[in-house]
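Let us work through a few questions about how a protein holds its ligand, taking each answer step by step.

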Amino acid sequence: MEELNQRIEKLKKLLKDATHIACLTGAGMSTESGVPDFRSSTGIYKTLCSEEVFDIDNFNSHPEEFYKIMAPIYAAMLDAEPNEGHKALARIEQEYKKDICIATQNIDALHQRAGSRNVQEVHGSMMSLTCKTCGATLPYSAFDKQLRAGELLRHNMAGNQCHGVMKPDIVFYGEGLPMEVFQTAENAFMSADLVMVLGTSLAVYPAAELPRLRKNGSKLVIINRTETPLDYEADLLFHENIGEVLREV
Ligand code: CNA
C-alpha cells in the first residue's frame, strides 16, 4: 500500500472530480464518537451479547431482555456527538456542493446531526419507537430515562392508556428493510461516479450489496480498519481510522 499522505491526495482528487457520490456507512463510522460497533474486538458481539438479541422473534417473545441488554448501548448512542468523519461528509456536501447520498446501516442519527441532508437509514433508526398494539410512533425522548435504565418500554409510560410494548424503529434480523429507503439508496449507487464504503465489515445483506451496484467506470474507495470482502475491487483502500483520513480531506 502507498503512504497514507499519497492515498489522501488521491482521495482529494477523486472527491474533487466526482459529481455524484454514494456512501455506505456502518458502525465503524461512529466508534470515534464512543459507540461500539458489532464485530471489532471491542464490539458489542464480543463484549455484550450475541446476534440473537437483534432477532425479531426474540424481541417479540422477550422484549424485556432486549431493553435490559441494550441499555448501555442506548446510553452511548444518546450521548454521542458527530465525529470528524460525520462532519467531513457533511462539509463535502455543503461547502463543496457535491451531491452525496449516504446509505447508513447505523441507527444513531449522527450523520443527520452533523448536517448531512440525504441520509437513507436502511436499517431504520433508534430515534423513534412504535407501539406494537396501537401503532403509535413516539420519539425516544419520551422514554429517555427508561431506555437508560434498561426498562421494558410500554406505551402508557408516555402518558397514554395503551399498554402495548414499544418496539424501536430499527430493522431486526428477520424483518424486511424499508423498501422506499432502500430503493433510493440503490438508485444512488447505480448512478454515482464515486462510491465510498466507510466503517462496515460488509457482513450484513442486502446493504452489503449496494457498492456492487456501481456502474462501470465509477471509482470505489474503502475506509475500514480491517479487511472487507470488497478490498480487492477498491481503487483506493485505507485500513486507517475514518476520522484520521477524512479530517485531512
Ligand atoms: P460491524 O460488522 O461491526 O463492522 C464495523 C467495521 O468498522 C469493522 O470492520 C471495523 O474494523 C470497522 N471500524 C471500526 N471503527 C472504525 C474506525 N474508526 N475507522 C475505520 N473503520 C472502523 O458493523 P456493520 O455496520 O458492518 O454491521 C451492520 C450493523 C451494525 C447494522 O445493522 C447496524 O445497525 C449495527 N450497528 C450500528 C451502530 C450505530 O448505529 N452506531 C452501532 C453498532 C452496530
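Q: How far is a nitrogen atom of the ligand from an N or O atom in the side chain of Asp 108?
A: In this predicted model, a polar contact is a pair of N or O atoms within 3.5 Å. The pair formed by a nitrogen atom of the ligand and an N or O atom in the side chain of Asp 108 meets that limit, for the two atoms are separated by 2.7 Å.

Q: How much of the ligand's accessible area does the protein cover?
A: On its own, the ligand has 880 Å² of accessible area. Of this area, the protein covers 96%.

Q: Which residue has a backbone N or O atom 2.7 Å from an oxygen atom of the ligand?
A: A nitrogen atom of the ligand lies 2.7 Å from an N or O atom in the side chain of Glu 32, but the question concerns a backbone atom and an oxygen atom of the ligand. The residue that supplies this backbone atom is Phe 38.

Q: How many residues of the shell around the ligand are charged?
A: The ligand, which sits in the largest pocket, is surrounded by 29 residues. Nine residues of this shell are nonpolar and 14 are polar, while the charged ones number six.

Q: Is Thr 25 buried or exposed?
A: Thr 25 belongs to strand E1, which spans residues 20-25, and its side chain makes a polar contact of 2.7 Å with the side chain of Thr 104. Because a relative accessible area under 20% counts as buried and the value for Thr 25 is 0%, this residue is buried.

Definitions and conventions
Residues numbered from 1 in each chain as written. Predicted model: local features only at pLDDT ≥ 70, side-chain atom pairs only at ≥ 80, totals over all residues. Heavy atoms only, no water. Near = heavy atom within 4 Å. Polar contact = N/O pair within 3.5 Å; in protein donor to acceptor, adjacent residues only side chain to side chain. Areas by Shrake-Rupley, 256 points an atom, 1.4 Å probe, with all protein chains shown as cover. 1 Å grid on protein atoms, 1.4 Å probe; cavity = no way out; pocket = protein on both sides within 12 Å on 5 of 7 lines; lining within 4 Å. Sits in = over half its atoms within 2 Å of the grid points. Nonpolar A, V, L, I, M, F, W, Y, C, P; charged D, E, K, R; others polar. Helix = DSSP H or I, 4+ residues; strand = E, 2+ residues; numbered from the N terminus. Buried < 20%, exposed > 50% of the residue type's maximum accessible area, 1.4 Å probe, protein only.
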